[in-house]
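Hi,

Here is the structure I promised to pass on. Have a look at it first, and then read my notes below.

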Amino acid sequence: MRIAVIHGQSHKGSTYNVAKELCDKLGGEVTEFFLPRDFDGVCRGCGACFESETKCPDYEKLRPITEAMDSADVIIFTSPVYVMHATGSMKSFLDHYGYRFMVHRPEEKMFSKQAVCIATAAGAGMKSTIRDMADSAFFWGIARTHELGIAVQETRWEMVKPRIKKRISKKTKSLARKISKKVGKARPGIKTKGFFKIMSMMQKNGFNPPDKAYWAEKGWTKGKRPWK
């Protein structure tokens with residue numbers, strides 16, 4: 001199993017440790033990236049990626065992360081809660097992949113992958129933070145997305161109470177079991193399939209030539225699908 005982890009922060013706090021527990025239980029080969037340490041680009045809104053992703057000013061800086069995600073069986077996104085949402089670094093990172101949304105040019109490999117969105121907070125905000133990351137996972141076409149939000153009730157991992165750490169261990173063990181059963185077998189659900197069908201109908205005419213050409217080349221406008 002190959003796992004790509006994109007951390008929405010560069011320090012190793014509670015969110016990092018929850019992800020580490022999950023990775024340890026999953027086993028396999030883990031490749032980690034820490035934002036903004038490993039990618040600090042901010043989307044300029046230039047729209048160049050909608051013509052070709054290679055024209056993005058940050059394309060080369062992003063390439064190692066993109067390649068790791070494309071080759072992984074499981075992609076894990078993590079973010080502590082910052083003012084009720086994902087970190088700015090995570091949001092800036094995800095902004096760069098607008099061209100991969102199903103409405104544009106989704107990567108075929110995503111339709112057989114699993115994703116995990118992890119968020120922690122001393123109190124509230126996990127749901128909205130996870131949604132910031134899970135929205136991209138859905139629109140990329142990722143077959144199955146798991147969500148794990150934990151209220152650790154502390155600002156430092158070292159201070160998190162044993163009973164909460166025990167609960168985290170139990171949750172990561174259960175989640176690792178679910179993920180492992182689906183590795184290589186994950187298939188999109190009805191919501192993704194339905195949205196993809198709508199996009200395939202739209203792309204027969206298309207409003208962006210590169211997108212239209214991409215869908216036609218894949219055969220997706222003629223009934224072919226990126227899943228079995």
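First, a bit of vocabulary: two strands pair if DSSP finds at least two bridges between them, and strands (E, at least two residues) and helices (H or I, at least four) are DSSP runs, numbered from the N terminus. Keep in mind that this is a predicted model, where local features need pLDDT of at least 70, side-chain atom pairs count only at pLDDT 80 or more, and totals for chains, interfaces and linings use all residues. Residues are numbered from 1 along each chain as its sequence is written, and side-chain values use heavy atoms, leaving out hydrogens and water.

Now the sheet. Strand 1 (residues 2-7) and strand 2 are parallel partners, joined over six bridges; I3, for instance, has V30 in strand 2 as its bridge partner. They belong to an open sheet of five strands, ordered 2-1-3-4-5 with parallel pairing. Strand 2 (29-34) and strand 5 (144-151) are the edges, each pairing on one side only.

Then there's helix 4 (residues 126-140). Its 15 residues should span 21 Å at 1.5 Å a residue (times one less than the number of residues), and its end C-alpha atoms are 21 Å apart, so the two agree. Helix 4 does bend by about 30 degrees at D132 (the angle between axes fitted to the seven residues ending there and the seven starting there). Its buried residues (under 20% relative accessible area, 1.4 Å probe, protein chains only) include M126, F138 and W140. Just after helix 4, G141 takes a positive phi of about 95 degrees.

Cheers

Definitions and conventions. Buried means under 20% relative accessible area, exposed over 50%, partly exposed in between (1.4 Å probe, protein chains only).
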